[in-house]
Amino acid sequence: MSTYQPLTPAVFHVLLALADGEKHGYAIMKSVEDHTGGTLKMGAGTLYGTLQRLTDAGWVLEAAAPQAQSVRDERRRFYRLTGDGREALGAEVRRLEDLVCLARRSRGVPRPARR
């Protein structure tokens, strides 16, 4: 298995948004906002710059758009996660899980409140 560097929040959340299926840019932005409870609002510049880097890395591909229902739909660009992108996301999730386990074993770290 390859080793991955820690992902930036923008990269992590874009990959996470695409993990459950193809999305267009606006849907990715809304998914990120939903996943973070509104604490991370990704602007168009950040989103499309991140998508370009992920495409260049082979982690995301531009996907064929579904049948357009309107002119607006025709202009939308859809994206999907590749196998390498899914692997990178999984590696980051495992890295974060390991950090949380380490923190929970430390006596000096307060326990999270129960939900």
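In what order do the elements of the protein chain run from the N terminus on? In this predicted model, the order is α-β-α-α-β-α-β-α, giving five helices and three strands. The C-alpha trace of the protein chain spans about 60 × 35 × 20 Å along its principal axes. Of the 115 residues in the chain, 30% are buried. The accessible surface amounts to about 7900 Å², and carbon and sulfur atoms account for 51% of this area. When contacts between residues at least 6 apart in sequence are considered, 55% are found to join residues at least 24 apart.

The interior was examined next. The largest nonpolar core comprises 21 residues, and within this core Val14, Leu15, Ile28 and Val60 have the most contacts. Two or more residues are contributed to this core by each of α1 (9-18), α2 (25-35), α3 (44-57), β3 (78-81) and α5. Helix α1 supplies the largest share, with seven residues. Such an arrangement may be set beside a general tendency: in soluble globular proteins, nonpolar side chains tend to be buried together. The surroundings of Ile28 illustrate the packing in detail. Apart from residues up to four places away in sequence, Ile28 touches Val14, Ala17, Leu18, Lys23, Leu47, Leu51 and Tyr79. Val14, one of these partners, is itself among the core residues with the most contacts.

Helix α5 covers residues 83-105. At 1.5 Å a residue, its 23 residues should span 33 Å, and the end C-alpha atoms are 33 Å apart, so the expected and modelled values agree. The buried residues of this helix are Gly85, Ala88, Leu89, Ala91 and Glu92, and they pack against α1 and β3. The spacing of residues along a helix has a general basis: an α-helix has 3.6 residues a turn, so residues three or four places apart point the same way.

A nonpolar feature was also found on the surface. Leu96, Leu99 and Leu102 together make a nonpolar surface patch of about 250 Å². Leu96 belongs to helix α5, the helix whose buried residues include Leu89 and Glu92. Leu96 counts as partly exposed because its relative accessibility is 31%, and the partly exposed class lies between the limits of 20% for buried and 50% for exposed residues.

Notes: Residues numbered from 1 in each chain as written. Predicted model: local features only at pLDDT ≥ 70, side-chain atom pairs only at ≥ 80, totals over all residues. Heavy atoms only, no water. Patch = residues over 30% accessible without salt bridge, like charges linked within 9 Å, V, L, I, M, F, W, Y side chains within 5 Å. Areas by Shrake-Rupley, 256 points an atom, 1.4 Å probe, with all protein chains shown as cover. Salt bridge = Lys/Arg side-chain N within 4 Å of Asp/Glu carboxyl O. Helix = DSSP H or I, 4+ residues; strand = E, 2+ residues; numbered from the N terminus. Buried < 20%, exposed > 50% of the residue type's maximum accessible area, 1.4 Å probe, protein only. Core = buried A, V, L, I, M, F, W, Y, C linked by side-chain atoms within 4.5 Å. Contact = heavy atoms within 4.5 Å. Expected span 1.5 Å × (residues − 1).
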